[in-house]
Amino acid sequence: MAADRSRRDFLKTASAATLASLAAQRPGSLLGQEELETARRQAKADAVIVLWMGGGMAHAETFDPKRHTPFRPGMKADDVESTFPSVPTVVDGLSLSAGLERIGRVMDRGTLIRTHIAADLGAILHSRHQFHWHTGYEPPVSVAAPHLGAWIAHALGPQNPAVPAYIDIGQRYEGNGEAEELKAFQTGGVLGTEFGPFRVPNPTDAVASVRPPAGMTEERFRNRYAAYQKLLAASPVNSFGSDEQKESLLRSLENADRLLNSEASRAFDLSTEDPASYDTYNTGRFGLGCLLARRLVEVGARYVEVTSEYIPFLNWDTHDNGHTRAAEMKQQIDAPIAQLVLDLEARGLLDGTLIVLASEFSRSVLVEGKADKLVPNQVDQPNIINELAHFGHHRHFTGAGSVLLFGGGAKQGYVHGETSDEKPYTSITPPVTVTDLHATICHLLGISPRYGILTEERPFYVTQDGLGKPVLDLIG
């Protein structure tokens, strides 16, 4: 039975790779050589680590605290502002929410954006906003939109040929009620299989990603690889695909084989980390994901995403127990993020590595959507709060949100934008959209916002319609 299950899993994986490859068209940059080279000369970073707060991180509970209102039974919901006190940081005049003290001590290395807004996509769904943030395109899209990591891998290639250029850490599909929605944007899309993510669902077992399955001999593993190559030779890609499609799929196989046989694969083995360092990061799976990201950047990873993991109604998806779960999430992220910044700095890698912390949208006590563009409520919030479960920010809010940038050419000790001191704490200075945030990330990497390919005989760009504009105020 176990052997049958393994065979089925193998065939499912092969089928998925085949379909993804068939979707791809021959990639060729739309930009001329002069424009490509101009963008490259402006590069300040050569690697990116995205720290993804999946589920909707409330800005007034984290990086944009307002007046503190402690819990008391019988309080009005309308009276709730920030459910945590604010704490000072090393940057004069900048405070964060209690529970983020260690990040506060490294804010002199980074930029805080307080006016990042989410798009208006109708009734708010996490998967739609996560798709938009990660691909830059508002769903539905008529072609398979690549993930930002895939675009970066396509534009810049790997720093180390043995290390996947785009690596995703921490997001599990098995048992997740929205697994298919997550798979829709964690892909190379029209760029092809070789630009899709190398997935490490559980950082505590990352080394298993670069080793044959337990109990499998080296000879048997090689035989399986040979069998997989024969299977692909008889696949629709080989029969009907273009030369580029065939070559892309073969390159993805060769890249995986190269990693398994390289010295760089040791970076996946967290057991070799210094115990004191390991303990600092070991706040849970997210913390160890940050440690793994640091080790992978050290051996030449180009784009690494570490997620606190999106699971409906858990983690940052605070439909209830908002205050309690925000406190738990801050315990998971505070020490690892600060240590990641310090470690990269100590190794001389922070200047060339852009760290981006973001979420699909924020949360509010009373407003669903934006104050000027309300959508149907999805949370039952009583007017009078008698239970701690109803204390916190529960509703999806798209009118403002916080993003952190560290290293990679971002300004240091800088706060961008301002939100109102009155609920729902909306942006009152020009906002930073997803499109322009992506353009800023690309600019720092030396990629034009107009970088793109032809697919289905029409252009497709790294930023929506090629219209993204870098926010130059964020750049040091």
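Trainee: Why is the contact between Asp120 and Lys373 called a salt bridge?

Mentor: A salt bridge is a side-chain nitrogen of Lys or Arg within 4 Å of a carboxyl oxygen of Asp or Glu. The side chains of Asp120 and Lys373 meet at 3.8 Å, N to O, so the pair fits that rule. Keep in mind that this is a predicted model, where local features need pLDDT of at least 70, side-chain atom pairs count only at pLDDT 80 or more, and totals for chains, interfaces and linings use all residues. Residues are numbered from 1 along each chain as its sequence is written, and side-chain values use heavy atoms, with hydrogens and water left out.

Trainee: What makes Asp120 count as partly exposed?

Mentor: Its relative accessibility is 38%. Buried means under 20% relative accessible area, exposed over 50%, and partly exposed in between (1.4 Å probe, protein chains only), so 38% lands in the middle class. Lys373, at 47%, is partly exposed too.

Trainee: And Arg114 with Asp64, why is that a salt bridge?

Mentor: Their side chains come to 3.4 Å, N to O, so they pass the 4 Å cut-off.

Trainee: How do you know whether Arg114 is buried or exposed?

Mentor: Arg114 has 14% relative accessibility, so Arg114 counts as buried. Asp64 has just 3%, so Asp64 is buried as well.

Trainee: What about Arg347 and Asp343, which also meet in a salt bridge?

Mentor: That one is 3.8 Å, N to O. Arg347 is partly exposed at 38%, whereas Asp343 is buried at 9%. Both belong to a network of salt bridges that includes Glu273 and Arg294.

Trainee: How many salt bridges does the structure hold?

Mentor: It holds 21.
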